Amino acid sequence: PNTVDIAITSESGTLTTVRGISIGGGNSKIERINGVHVSLSGNYNTLLIRQLDKPGVVASITKILSEYQINIAFMRMYRENKGKTAYTIIEVDGDIPEEAAEKIETNQYIESAMLIQI
């Protein structure tokens, strides 16, 4: 009863499904993206990255965040299947410049890097 499913289609036709739930006290969280169980609180500025599950992708992401002096508060990785689509969710203490997300997207294995600023 406290759950909402949202289907989002990008201009390029990519479909993303998101499930959010109310956890009480005026709080909510994202618990599923494209059928993959995740946990996203919405309490921090967040970078939601969709990528291929390949070696070195996470290192590339954190290197760029370091270049921009971005401090990671929480970081979680999820994947649909080994070697397939994966998600990295990074919640940070401060702001995330749009240029950082754009630079992250230049990695050939990264499909998108979406900023969620609170």
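What share of the 118 residues in the protein chain is buried? In this predicted model, buried residues make up 31% of the chain.

Let's start with the overall fold. The protein chain has 2 helices and 8 strands, and along the sequence they run β-β-β-β-β-α-β-β-α-β. With a radius of gyration of 14 Å, close to the 13 Å that the globule rule gives for 118 residues, the chain is as compact as a globular protein of that length. Put a box around the C-alpha atoms along the principal axes and you get roughly 40 × 30 × 25 Å.

Now for contacts and surface. Take the contacts between residues at least 6 apart in sequence: 53% of them join residues at least 24 apart. The accessible surface comes to about 7,100 Å², and carbon and sulfur atoms account for 49% of that. As for charge, the chain carries 11 positive and 14 negative charges, whose mean positions sit 11 Å apart.

One residue worth a look is glutamate 91, which is in strand 7 (residues 85–92). Is glutamate 91 buried or exposed? Glutamate 91 is buried, with a relative accessible area of 1%. Its side chain makes these polar contacts with other side chains:

| Side chain | Partner side chain | Distance |
|---|---|---|
| glutamate 91 | serine 41 | 2.9 Å |
| glutamate 91 | arginine 76 | 2.9 Å |

Leaving aside residues up to four places away in sequence, glutamate 91 also touches a mix of other residues, including Leu40, Gly42, Tyr44, Ile72 and Phe74.

Methods: Residues numbered from 1 in each chain as written. Predicted model: local features only at pLDDT ≥ 70, side-chain atom pairs only at ≥ 80, totals over all residues. Heavy atoms only, no water. Helix = DSSP H or I, 4+ residues; strand = E, 2+ residues; numbered from the N terminus. Rg over C-alpha atoms; globule rule 2.2 N^0.38 Å. Buried < 20%, exposed > 50% of the residue type's maximum accessible area, 1.4 Å probe, protein only. Contact = heavy atoms within 4.5 Å. Areas by Shrake-Rupley, 256 points an atom, 1.4 Å probe, with all protein chains shown as cover. Lys, Arg positive; Asp, Glu negative; His and termini not counted. Charge placed at Lys NZ, Arg CZ, Asp CG, Glu CD. Polar contact = N/O pair within 3.5 Å; in protein donor to acceptor, adjacent residues only side chain to side chain.
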